[in-house]
Every structure is written in structure tokens, then in C-alpha cells.
Amino acid sequence: MIDVGMTGLSVRHMSLEYRVAGRPPIIALRDVSLEAEAQEFIVVLGASGCGKTSLLNLIAGFLHPTSGEIRVGGKPVTSPGADRGVVFQRNALMPWLNVLHNVELGLKLTGVPRDARREIARRNLALVGLADFACSPIYELSGGMQQRVGLARALTCDPVMMLMDEPLGALDEFTREEMQVLILDLWARSHKLIFMITHSVEEAVFMATQLIVMSPRPGRIVQQFRLDFGRTYLETRDARAVKSSTEFIEMRENVLDIVRATTR
Ligand SMILES: Nc1ncnc2c1ncn2[C@@H]1O[C@H](COP(=O)(O)OP(=O)(O)OP(=O)(O)O)[C@@H](O)[C@H]1O
């Protein structure tokens, strides 16, 4: 049997309390455990305040757990690292740098020579369909294009894992579906482990190989599903057919009922 703790993501009995002076501690996460192999697509769904972003920030190394352990590729997470690329809902792109310079910034900071980092940045821009926009200023790009720049930037250090906090939350419905299939293609081509947060049940069911439903107060995992609608899309290239199939609709309604029940 593969020990996923050595290849993918392993979160074991993790809890997180926020301590605010003069107030009782907030238990954001209690006894959360999850295991995923390298190349899985994990999607986390749950009502507001159930600890999704806290969980992502712990895996990214931005926060430390109160108890429990996280391993990525077998290594304990103790701080942020180049093995984990992060994509935010609204990417913190540098408006005074052009697209190429934004994408290569992480490599520049780690001392990669100019020609090498330009080549990597251009390759990643091509992967997200922005090869012709390398010299464009950020403010000329649409929201969807800015998210593509964020994706290309997160890929530049060739991380083991991509962490995405509602990456498509600010996009209109059509751009959102375009980006869903772009991310599925990137995932299939790059063989990376993805951990994504969304508020959209349909998006979660469409993209996840492992769907995690969380519940608030305190944040914990209430249900996990193994799914393959994203893989079906990659074989058939027809997102609408996948999303309108009976199996998909049944699963979407089932997950929706579970999420609704967590808020009662
Ligand atoms: N820095 C902080 N200090 C104190 N409490 C916090 C802090 N960050 C988050 N919390 C609390 O921890 C709980 C989990 O928050 P978190 O942002 O992780 O949830 P979420 O599921 O990502 O929510 P949303 O879907 O609204 O983004 C909430 O009750 C929140 O108020």
C-alpha cells in the first residue's frame, strides 16, 4: 500500500484555536484528518466560517496548528515553502510590473538567473493561454486573465502542491466555467496535487477527485466523497454534458443537502 504521507498530503488530528486577548479561544478546526495521494484534486466545501481558509493557511505554512501534524510529500510543514504554490481569490499581483515580471518574481527572489526564469515564466504563461500577453500591464487584463497570471505565478517554482482559496469566486459564470476546464487541464498535464476551496457545490462536484464537506463550530470534516466527473470531462471534453448528466445532478443535490444540514 502507498503511504500517502510520503507522496501527497497527510493531515493528522489537527486542531486550531485562535486566541484573542480578553476573549475565549475560537476553535476554528477540531481533529481534522485527511490523506491524499500526489496528483489528487481535493476540493473543500462548507458554510462560511467552517475553517476552510484556516485549513489552507495551515497547509501553506502561514499558520501553525494548536495540535496535530501536516506533511506534504513526506515532509512536515513548519513554514511556507516553494513546494506549495498559493493562488488567492483576488491575486496579489504587482500592478507596477507587467505580466511576465509578475510571473517570474518568485524565481527572481530565489536567485534564478534572468534567462532561465524568463523561459520558465513564458512556458507557464503559455500553459494558461497568455503567451501573447507577457508584456501587458496588469490593469489591462480582465479578472479571468488576472487569475491565469496568478496560476502561472504559482506554477513557476514547480511546486508539489497548488493551494487555491476560491480562485474563481470573483468571476462571472461563463469565465468561471472556462477557468474550471483550464485548471482541470493544467492539473492533468502538470500532475500536481491540488487543494481548492470553493463555495460552489457544482464546481466542487465537477472538479474534485476527493470532495471534503466541512461543518462549522467547531470546523470539522463531516463527509468525504471520491469522484471522477473531472476525469470524465478530460476524456470527453464536454463540460455541459458532464454537468447535465443524471449522475452529476444526483451527486450535486446530495452534496447540497449535506452542506445545508451543516448550517441548521
Ligand atoms: N485571525 C483570526 N482571529 C480570530 N478568529 C479567526 C481568525 N481567522 C478566522 N477566525 C475564525 O475562525 C473561524 C474559521 O474561519 P475561516 O476563515 O477559516 O472559515 P472559512 O470557512 O474559510 O470562511 P469563509 O467561507 O467565510 O471564507 C471563523 O469562526 C472565523 O471567525
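**Exercise 1. How many residues surround the ligand, and which are the closest?**

This is a predicted model, so treat the exercises as reading practice on computed coordinates.

Step 1: Count the shell. There are 13 residues around the ligand, and the closest are Y18, S48, K52, T53 and S54.

Step 2: Look at where they sit. Strand β2 (26-36) and helix α2 (52-60) each give at least two residues to the shell. The largest share, three residues, belongs to α2.

Step 3: Sort by chemistry. You get five nonpolar, seven polar and one charged residue.

**Exercise 2. Work out the strand order of the open six-stranded sheet, then find what packs on it.**

Step 1: Trace the order. It runs β6-β7-β8-β3-β9-β10, and the pairing is mixed.

Step 2: Find the edges. β6 (84-87) and β10 (220-226) each pair on one side only, which makes them the edge strands.

Step 3: Check the twist. Ignoring direction, neighbouring strands are turned by 20° against each other on average.

Step 4: Zoom in on one pair. β6 and β7 (161-165) run parallel and share four bridges. Within that pair, G85 has M162 of β7 as its bridge partner.

Step 5: Add the helix. α5 packs on the sheet and touches both β6 and β7, with its direction at about 170° to that of β6.

**Exercise 3. Which residues of helix α3 are buried, and what do they pack against?**

Step 1: List them. In α3 (99-109), the buried residues are V99, L100, N102, V103, E104, G106 and L107.

Step 2: Recall the helix geometry. An α-helix has 3.6 residues a turn, so residues three or four places apart point the same way. With that in mind, try V99, V103 and G106, which are among the buried residues.

Step 3: Name the partners. The buried residues pack against α4 (114-127) and α5 (143-155).

Step 4: See what comes after. G111 follows α3 and has a positive phi, near 85°.

**Exercise 4. Find the backbone oddities at D31, R217 and P218.**

Step 1: Set the baseline. Most residues other than glycine have a negative phi, and most peptide bonds are trans.

Step 2: Take D31, in strand β2. Its phi is positive, near 50°. D31 is partly exposed, having 13 other C-beta atoms within 10 Å.

Step 3: Move to R217, in the loop between β9 and β10. Phi of R217 is also positive, near 50°, and R217 counts as partly exposed, with 14 C-beta neighbours inside 10 Å.

Step 4: Check the next bond. From R217 to P218 the peptide is cis, with omega near -10°. P218 is likewise placed in the loop between β9 (210-215) and β10.

Notes: Residues numbered from 1 in each chain as written. Predicted model: local features only at pLDDT ≥ 70, side-chain atom pairs only at ≥ 80, totals over all residues. Buried ≥ 20, exposed ≤ 12 C-beta atoms within 10 Å, placed from the backbone. Contact = placed C-beta atoms within 7 Å. Near = placed C-beta within 6 Å. Nonpolar A, V, L, I, M, F, W, Y, C, P; charged D, E, K, R; others polar. Pairing = 2+ DSSP bridges. Axes fitted to C-alpha atoms, helices over the stretch in contact; angles between N-to-C directions.
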